[in-house]
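Q: I have a predicted model to go through and want to start with its empty spaces. Can you take my questions one by one?

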Amino acid sequence: MTWLNSAAHARWLEAETDRLFTFAAGSKVPTGFGWLDNHGAVSPDKPTHLWITARMIHSFSVAALMGRPGAGLLVDHGIAALNGVFHDDEFGGWFAEVDDNGPVNDTKSGYQHSFVLLAAASAVAAGRPGAQELLDEALRIADTKFWDHESDMCFDSWNRDFTETEDYRGGNASMHSVEAYLIVADVTGENRWIERALRIAEVLIHNFARNNNYRVFEHFDAGWNPLPEYNTDDRASQFRAYGGTPGHWIEWSRLLLHLRAGLEARGMDAPTWLLEDSQGLFDATIRDAWEPDGHPGFVYSVDWDGNPVVTTRIRWVPAEAIGGAAALYSVTGDKKYADWYERIWDHARDWFIDYEHGSWKQELDENGDVTSTVWSGKADVYHLWHCLVIPRLPLAPGLAPALAAGLLDAHL
């Protein structure tokens with residue numbers, strides 16, 4: 001018996017989900033969902049961010065599908081914000097940051113728009129009013145602005161009127177586009193989205209990472225050539241950190257398995273490398289990032305030889321590792337993944353879960369003390385939702401569509 005086959009463990013995950021939902025509900029502000037501090041209050045000095053609002057819509061859609069009273073109304077509030085203060089009625093798309101007076105950052109970020117797409121698709125799965133119209137608009141922007149039909153890859157960013165884009169392409173935005181595309185394919189039934197997800201995964205993981213000891217390149221030029229020294233002078237950047245980010249490697253590990261399962265469910269060809277590379281990414285994360293400095297947990301980033309760069313421990317990394325271990329165990333039945341699942345949960349319980357102030361601590365130093373080298377506060381619960389709900393679902397369909405189909409704990 002493993003925890004992943006245990007109804008008792010599923011009940012513990014359910015209780016933790018309730019605790020986090022109560023915390024997350026406090027993020028509601030007139031302009032969407034705000035940035036929560038370490039004590040669960042909205043940070044007054046920060047504008048409302050598109051990525052947080054969209055990720056909260058997705059999270060509350062999942063909560064609504066799990067029968068949490070009030071969650072659906074929070075989804076509706078978020079949709080109203082995306083249709084209101086965040087939406088650029090003149091040029092389309094959504095502003096990156098807003099306050100009560102309108103946009104304070106009017107750029108158009110591919111990373112942030114991928115979460116709008118995910119939020120809209122999840123809200124459609126949850127049956128929320130206005131969700132389909134939001135998804136239709138998000139799909140239009142995703143197809144006409146953020147998908148490069150020449151390279152069959154994603155643009156990373158635009159200015160407000162979509163006339164200027166950086167000579168930069170990002171692995172992070174592409175990874176979260178894959179995540180969104182998988183849910184969109186489930187909700188719309190359109191295979192082009194899962195085909196695009198496969199294309200991105202093949203380029204970034206099978207072509208590049210596999211041939212780089214599974215250390216995933218994060219930064220590329222406009223021709224999709226890796227930029228390994230990008231941001232060497234800003235190594236703790238929140239969204240464009242220098243070097244390899246092992247949390248993304250293990251997140252990719254899980255996404256490849258969702259992609260594999262989604263292709264198989266549609267009767268489409270699922271390349272054998274999807275599982276091989278998933279295992280390679282998981283193993284590389286453990287190899288490079290788990291306790292390399294002799295302290296518990298995962299370091300945040302490493303260089304191209306696997307040496308630690310930013311050694312703080314950030315909560316979304318173990319959260320994604322838990323999901324990755326669960327996914328690999330469900331596919332392979334190999335007990336080593338179940339063992340890692342339990343070991344990482346033990347670490348998360350000892351280091352990150354904050355029973356005093358709510359949610360999980362965002363960032364810790366090597367000794368387990370709260371710090372803010374990369375992040376401050378407890379911005380949202382998106383990654384935490386993954387380690388609590390995904391282990392209780394099949395790999396296809398995706399998160400919200402699987403809940404809508406009544407598949408929670410179907411394997412127990």
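Q: How do the residues of the lining of the largest pocket divide into nonpolar, polar and charged?
A: Seven are nonpolar, ten polar and five charged. Ala, Val, Leu, Ile, Met, Phe, Trp, Tyr, Cys and Pro count as nonpolar, Asp, Glu, Lys and Arg as charged, and the others, Gly among them, as polar. This is a predicted model, where local features need pLDDT of at least 70 and side-chain atom pairs pLDDT 80 or more, while totals for chains, interfaces and linings use all residues. Residues are numbered from 1 along each chain as its sequence is written, and side-chain values use heavy atoms, without hydrogens and water.

Q: What counts as a pocket, or a cavity?
A: Both are sets of points on a 1 Å grid over the protein atoms alone: in a cavity a 1.4 Å probe fits but cannot get out, and a pocket is an open set with protein on both sides within 12 Å along at least five of seven lines. Lining residues have an atom within 4 Å of a point.

Q: Which residues lie nearest the centre of the largest pocket?
A: Ser109, Tyr111, Asp156, Phe239 and Arg240, out of 22 that line the pocket. Helix H4 (110–125) and helix H6 (171–188) are the elements that give two or more residues to this lining. H6 gives the most, with three. Helices (H or I, at least four residues) and strands (E, at least two) are DSSP runs, numbered from the N terminus.

Q: And how much space lies in the largest pocket?
A: About 360 Å³. A volume here is the space filled by probe spheres set on the points, with grid points joined across faces, edges and corners.

Q: What about the second largest pocket, how is its lining divided?
A: Eleven of its residues are nonpolar, three are polar and none is charged. The second largest pocket has about 240 Å³ and is lined by 14 residues, with Ala326, Ser330, Pro391, Leu393 and His411 nearest its centre.

Q: Now the closed spaces. How many cavities of 30 Å³ or more does the structure hold?
A: Four. The largest cavity has a volume of about 270 Å³. It is lined by 25 residues, and Arg55, Tyr111, Trp316, Trp375 and His383 are the closest to its centre. Tyr111 is also among those nearest the centre of the largest pocket.

Q: Which helix gives the most to the lining of the largest cavity?
A: H12 does, with three residues. Helix H2 (50–65), H6, H8 and H12 each supply at least two.

Q: Which helices supply at least two residues each to the second largest cavity?
A: H6 and H8. Leu182, Ile183, His258, Gly398 and Leu399 lie nearest the centre of that cavity, whose volume is about 230 Å³.

Q: How do the axes of H6 and H8 cross?
A: They come within 11 Å and cross at roughly 30 degrees, H8 being residues 246–265. That makes H6 roughly parallel to H8, since angles under 35 degrees count as roughly parallel. The axes are lines fitted to C-alpha atoms over the stretch in contact, and angles run from 0 to 180 degrees between N-to-C directions.

Q: Which residues meet there?
A: Asn172, Met175, His176, Val178, Glu179 and Leu182 in H6 meet His248, Glu251, Trp252, Leu255, His258 and Leu259 in H8. Contact means heavy atoms within 4.5 Å. Six of these residues are nonpolar, four polar and two charged.

Q: Last topic, the backbone. Where is the cis peptide bond?
A: It joins Ala396 and Pro397, with omega about -5 degrees. Pro397 lies in the loop between helix H12 (382–389) and helix H13 (399–404).

Key
Parallel < 35°, antiparallel > 145°, perpendicular 65-115°, else oblique.
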